[in-house]
Amino acid sequence: MNPIGENEIRESFVNCSKGEARRLNLPRDLSELHWEDLDFLGWCDPGAPDRGYVVVERNGELVGITLRLAQGTRRSFTKSAICSVCVTPHAGNGVTLFTASRVGAAGRQGNTVGTYMCADLACSLYVRGKKQTGYGMRFEETLTVEERIARTAVNLEGFLDKVLEDNVGSGAR
Ligand SMILES: [Zn+2]
């Protein structure tokens, strides 16, 4: 993705209040990130361990989503788990259930969408092999890196679709 700055990031958030977007903690080393390796900017709040954020370009606009770590859903160390965005297998605690408030009226009524994702939100780096999981054995994937990048984008898009769906009720269209 193209490098983005603090103001752009703060203005991109769609599912939290403006005040929250102003106050949330950005990644510490924004200027040192390898943006060319990122499909989206994802980070865990350095000051609030139950919070994470994703900022991604969608239809030419930046969309920021605040995420909460669902309570009590960290999986055991003995099990493996797979990120539903980048499909990277991790040892149990490398994948976490994140929930996002939906936008608009649905969100105000407490409607959330959940997804299992890499706990450090570094999916872009895992698909490129720039970051290794603690999970020794990788699945033999026949996809190329480009195909995995494309699949990650599709999966993240699907999650965003649900967060951005501003209709109250079942969520069915
Ligand atoms: Zn992932």
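Read along the sequence, the chain follows the pattern α-α-β-β-β-β-β-β-α-β-α-α. It holds five helices and seven strands. Helices (H or I, at least four residues) and strands (E, at least two) are DSSP runs, numbered from the N terminus. The model is predicted: local features need pLDDT of at least 70, side-chain atom pairs count only at pLDDT 80 or more, and totals for chains, interfaces and linings use all residues. Residues are numbered from 1 along each chain as its sequence is written, and side-chain values use heavy atoms, with hydrogens and water left out.

Of the 173 residues in the chain, 43% are buried. Buried means under 20% relative accessible area, exposed over 50%, and partly exposed in between (1.4 Å probe, protein chains only). Contacts were also assessed by sequence separation. Contact means heavy atoms within 4.5 Å. Among contacts between residues at least 6 apart in sequence, 56% join residues at least 24 apart.

Strand pairing was examined next. Two strands pair if DSSP finds at least two bridges between them. Strands β1 (41-44) and β2 (51-58) pair in the antiparallel sense over four bridges. Leu41 stands opposite Val55 in β2. A hairpin joins β1 to β2 through six residues. Strand β2 also runs antiparallel to β3 (residues 61-69), and eight bridges join the two. Within this pairing, Thr66 of β3 is the bridge partner of Tyr53. Strand β3 in turn is joined to β6 (residues 95-101) by two bridges, again in the antiparallel sense. Here Leu69 stands opposite Phe98 in β6. In a regular strand the side chains alternate between the two faces of the sheet.

Aromatic contacts converge on Tyr53 of strand β2. Rings of Phe, Tyr and Trp (its six-membered ring) pair if their centres lie within 6.5 Å; planes under 30 degrees apart count as stacked, over 60 as edge-to-face and the rest as tilted. A search of the whole structure finds three aromatic pairs. One of them is formed by Phe13 and Tyr53. This pair is edge-to-face, at 5.8 Å centre to centre and 80 degrees between the planes. The pair links distant parts of the chain, 40 residues apart. Phe13 lies in the loop between α1 (6-12) and α2 (18-23), and Tyr53 in strand β2. Both residues are buried. The rings of Trp43 and Tyr53 have centres 5.0 Å apart and planes at 40 degrees, so that pair is tilted. Trp43 lies in strand β1 and Tyr53 in strand β2, so the pair ties together parts that are ten residues apart in sequence. Trp43 is buried, with a relative accessible area of 5%. Tyr53 counts as buried at 1% relative accessibility. Ring pairs thus link Phe13, Trp43 and Tyr53 into a cluster.

Tyr53 also meets a charged residue. Its side chain is joined to that of Asp45 by a polar contact of 2.7 Å. A polar contact is a pair of N or O atoms within 3.5 Å; within protein, one must be able to donate a hydrogen and the other to accept it, and residues adjacent in sequence count only if both atoms are side-chain atoms. Asp45 lies in the loop between β1 and β2. Asp45 is buried yet has no salt bridge. A salt bridge is a side-chain nitrogen of Lys or Arg within 4 Å of a carboxyl oxygen of Asp or Glu. The nearest side chain of opposite charge, Arg51, is 5.7 Å away. Lys and Arg count as positive and Asp and Glu as negative; His and the chain ends are not counted. Not counting residues up to four places away in sequence, Asp45 touches Asn25, Arg51, Gly52 and Tyr53.

Positive phi values were found in two loops. Asn59 lies in the loop between β2 and β3, in a hairpin with two residues between the strands. Its phi is near 50 degrees, a positive value in a residue other than glycine. Asn59 counts as exposed at 72% relative accessibility. Val87 lies in the loop between β4 (80-82) and β5 (89-91). Phi of Val87 is near 60 degrees, also positive in a residue other than glycine. At 26% relative accessibility, Val87 counts as partly exposed.

At the start of the chain, Pro3 lies in the segment before α1. Pro3 is exposed, with a relative accessible area of 57%. The C-alpha atoms of Pro3 and Leu38 are separated by 9.5 Å, although the two residues are 35 apart along the chain.
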